[in-house]
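Hello,

Please find below the structure I promised to pass on. My notes on what was found in it follow.

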Amino acid sequence: INLPNGGIATFHVQGTVSASSIATSLVNTATVTAPTGVFDNVSTNNVSTVTNTVVRQGDLSITKTAST
């Protein structure tokens, strides 16, 4: 995407981790690069990394039937 100077873009990502996965975290890194001919005088803010903890959640239901 193309953003104006000072512009902001927000992306929301949702996914499912396999039940057999042993991962305890997911790491997401975003990087921006100035176009050819554009000087970026603050290049220290061009990368952002976020680490999210994997939260395991069960989907369990029980049905109980009384015997007569």
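**Overall form**

Buried residues account for 3% of the 68 residues in the chain. Please keep in mind that this is a predicted model. The secondary structure is sparse to list: two strands and zero helices. The strands are β1, at 25–31, and β2, at 47–53.

The radius of gyration of the chain is 22 Å, whereas a compact globule of 68 residues would be near 11 Å. Along the principal axes, the C-alpha atoms fill a box of roughly 80 × 25 × 15 Å. The accessible surface of the chain is about 7,000 Å², and carbon and sulfur atoms hold 53% of that. As for contacts with a separation of 6 or more, 44% of those in the chain are between residues 24 or more positions apart.

**The segment before β1**

Which residues form a nonpolar patch on the surface? They are Ile-1, Leu-3, Phe-11 and Val-13, and together they have about 530 Å² of accessible area. Of these, I looked at Leu-3, which lies in the segment before β1. Leu-3 counts as partly exposed because its relative accessibility is 46%, and that class runs between the 20% limit for buried and the 50% limit for exposed.

**The loop between β1 and β2**

Two residues of this loop are worth setting side by side: Thr-36 and Asn-46. Is each of them buried or exposed? Thr-36 has 85% relative accessibility and therefore counts as exposed, the cut-off being over 50%. Asn-46 has 15% and therefore counts as buried, the cut-off there being under 20%.

Asn-46 also has partners further along the chain. Leaving aside neighbours within four places in sequence, Asn-46 is in contact with Ala-30, Thr-31, Val-32 and Asp-40. With Asp-40 there is a polar contact between the two side chains, at 2.7 Å.

For Thr-36 I have a distance instead. How far apart in space are Thr-36 and Ala-66? From C-alpha to C-alpha they are 73 Å apart, with their positions 30 residues apart in sequence. That value can be read beside the box of roughly 80 × 25 × 15 Å filled by the C-alpha atoms.

**In short**

The chain has two strands and zero helices, a radius of gyration of 22 Å and 3% buried residues. The places to open in a viewer are the patch of Ile-1, Leu-3, Phe-11 and Val-13, and the side-chain contact of Asn-46 with Asp-40.

Regards

Methods: Residues are numbered from 1 along each chain as its sequence is written. This is a predicted model: local features need pLDDT of at least 70, side-chain atom pairs count only at pLDDT 80 or more; totals for chains, interfaces and linings use all residues. Side-chain values use heavy atoms; hydrogens and water are left out. Patches are made of residues with over 30% relative accessible area and no salt bridge: like charges are joined within 9 Å, nonpolar side chains (Val, Leu, Ile, Met, Phe, Trp, Tyr) within 5 Å. Accessible areas come from the Shrake-Rupley method with a 1.4 Å probe; for residues, only the protein chains shown count as cover. A salt bridge is a side-chain nitrogen of Lys or Arg within 4 Å of a carboxyl oxygen of Asp or Glu. Helices (H or I, at least four residues) and strands (E, at least two) are DSSP runs, numbered from the N terminus. Buried means under 20% relative accessible area, exposed over 50%, partly exposed in between (1.4 Å probe, protein chains only). The radius of gyration is taken over C-alpha atoms; the globule rule is 2.2 Å times the number of residues to the power 0.38. Contact means heavy atoms within 4.5 Å. A polar contact is a pair of N or O atoms within 3.5 Å; within protein, one must be able to donate a hydrogen and the other to accept it, and residues adjacent in sequence count only if both atoms are side-chain atoms.
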